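Open the structure in your viewer and keep the selection tool at hand. Each stop below says what to select and then what is there.

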Amino acid sequence: MSKTAFSWELFNKAPIVGIVRGLSLEEVKQILPMYREAGLTTIEITMNTLDAEKIIEYAVENEQHGLNIGAGTVCTKDDLKKALEAGAQFIVTPILDKKVVKACVKKEIPIFPGAFTPSEIFKAWSLGASMVKVFPATQMGPSYIKELKAPLNQLKLLPTGGVSLENMSEFFKAGADGVGMGGQLLDKKLIQEKDWQKLKTHFSQFIKQLPRR
């Protein structure tokens, strides 16, 4: 399997990481072209999704042009090995595991580890995180990102959890370098109903809300 490297240029065009969790390969096959056509560029398949490795392999083999394809919910070195063997171009974790971060840094694979407190976030950055996934961002909201960025403005932050179409622009105004979204972006109801055109329109709404760069 040949894969291209993670593209920061692509990510910066639409700094949203879509989170695929609990969807089937057939559903993902339908979603990926529309995701790209709507203008979205970066998507992760969580390792606790059934057949996650097969989905990543399919995405990298067939849909990587114009998309960054990654693996999420990577909590152990074993998860990481499986994700990279499947072809993941970047890694996202909900926790801070030093071994996983260091392994990615060594292999020059972008890693977005999860952290919450200022100390955890700074430690993740110090270990070599490409961006730090501030998780869960639900309770603290955009103001927390603004407070973190005041003394730690060199950090790249990716708030995840609680980010929606309604508040996404507030997170960017607060200094977020990107956002992660699951169900708010990958609408389960539209997917279950196989309303692919409406899902594409839904994706486009998020692109419209992005700050101009």
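A charge counts as sitting over a ring if NZ of Lys or CZ of Arg is within 6 Å of the ring centre and within 35 degrees of the ring normal. Select Lys133 and Phe135 for an example: Lys133 lies over the face of Phe135, at 4.9 Å from the ring centre.

Some ground rules apply to every stop. The model is predicted, so local features need pLDDT of at least 70 and side-chain atom pairs count only at pLDDT 80 or more, while totals for chains, interfaces and linings use all residues. Residues are numbered from 1 along each chain as its sequence is written, and side-chain values use heavy atoms, with hydrogens and water left out.

**The whole chain**

Now select the protein chain. Its secondary structure comes to 10 helices and eight strands; helices (H or I, at least four residues) and strands (E, at least two) are DSSP runs, numbered from the N terminus. The radius of gyration, taken over C-alpha atoms, is 16 Å, close to the 17 Å from the globule rule for 213 residues, so the chain is as compact as a globular protein of that length. That rule is 2.2 Å times the number of residues to the power 0.38. Along its principal axes the C-alpha trace spans about 45 × 35 × 25 Å.

Buried residues make up 52% of the 213 residues. Buried means under 20% relative accessible area, exposed over 50%, and partly exposed in between (1.4 Å probe, protein chains only).

**Strand 3 and its partner**

Select residues 68–72, which are strand 3. Is this strand largely enclosed or exposed? Five of its five residues are buried, so strand 3 is largely enclosed by the rest of the structure. Asn68, Gly70 and Gly72 cover one side, Ile69 and Ala71 the other, and all are buried.

Add residues 42–46, strand 2, which runs parallel to strand 3 and is joined to it by five bridges. Two strands pair if DSSP finds at least two bridges between them. Look at Thr46: its bridge partner in strand 3 is Gly72. Then add residues 52–63, helix 3; with strands 2 and 3 it makes a right-handed β-α-β unit. Right-handed means that, with the strands pointing away from the viewer, the path from the first strand over the helix to the second runs clockwise.

**Aromatic rings**

Rings of Phe, Tyr and Trp (its six-membered ring) pair if their centres lie within 6.5 Å; planes under 30 degrees apart count as stacked, over 60 as edge-to-face and the rest as tilted. The count comes to nine aromatic pairs. Select Phe6 and Phe11: this pair is tilted, at 6.4 Å centre to centre with 40° between the planes. Phe6 is buried at 11% relative accessible area, and Phe11 is buried at 1%.

Next select Tyr35 and Phe203, an edge-to-face pair at 5.3 Å centre to centre and 80° between the planes. Tyr35 lies in helix 2 and Phe203 in helix 10, so the pair ties together parts that are 168 residues apart in sequence. Tyr35 is buried at 0% relative accessibility, and Phe203 is buried at 0% too.

**Last stops**

In helix 10 (residues 196–209), select Gln205. At 31% relative accessibility, Gln205 is partly exposed.

Finish at Ser164, in the loop between helix 7 and helix 8. Ser164 is buried, with a relative accessible area of 8%. Which residues does Ser164 touch, not counting those up to four places away in sequence? They are Met181, Gln184 and Phe206, where contact means heavy atoms within 4.5 Å.
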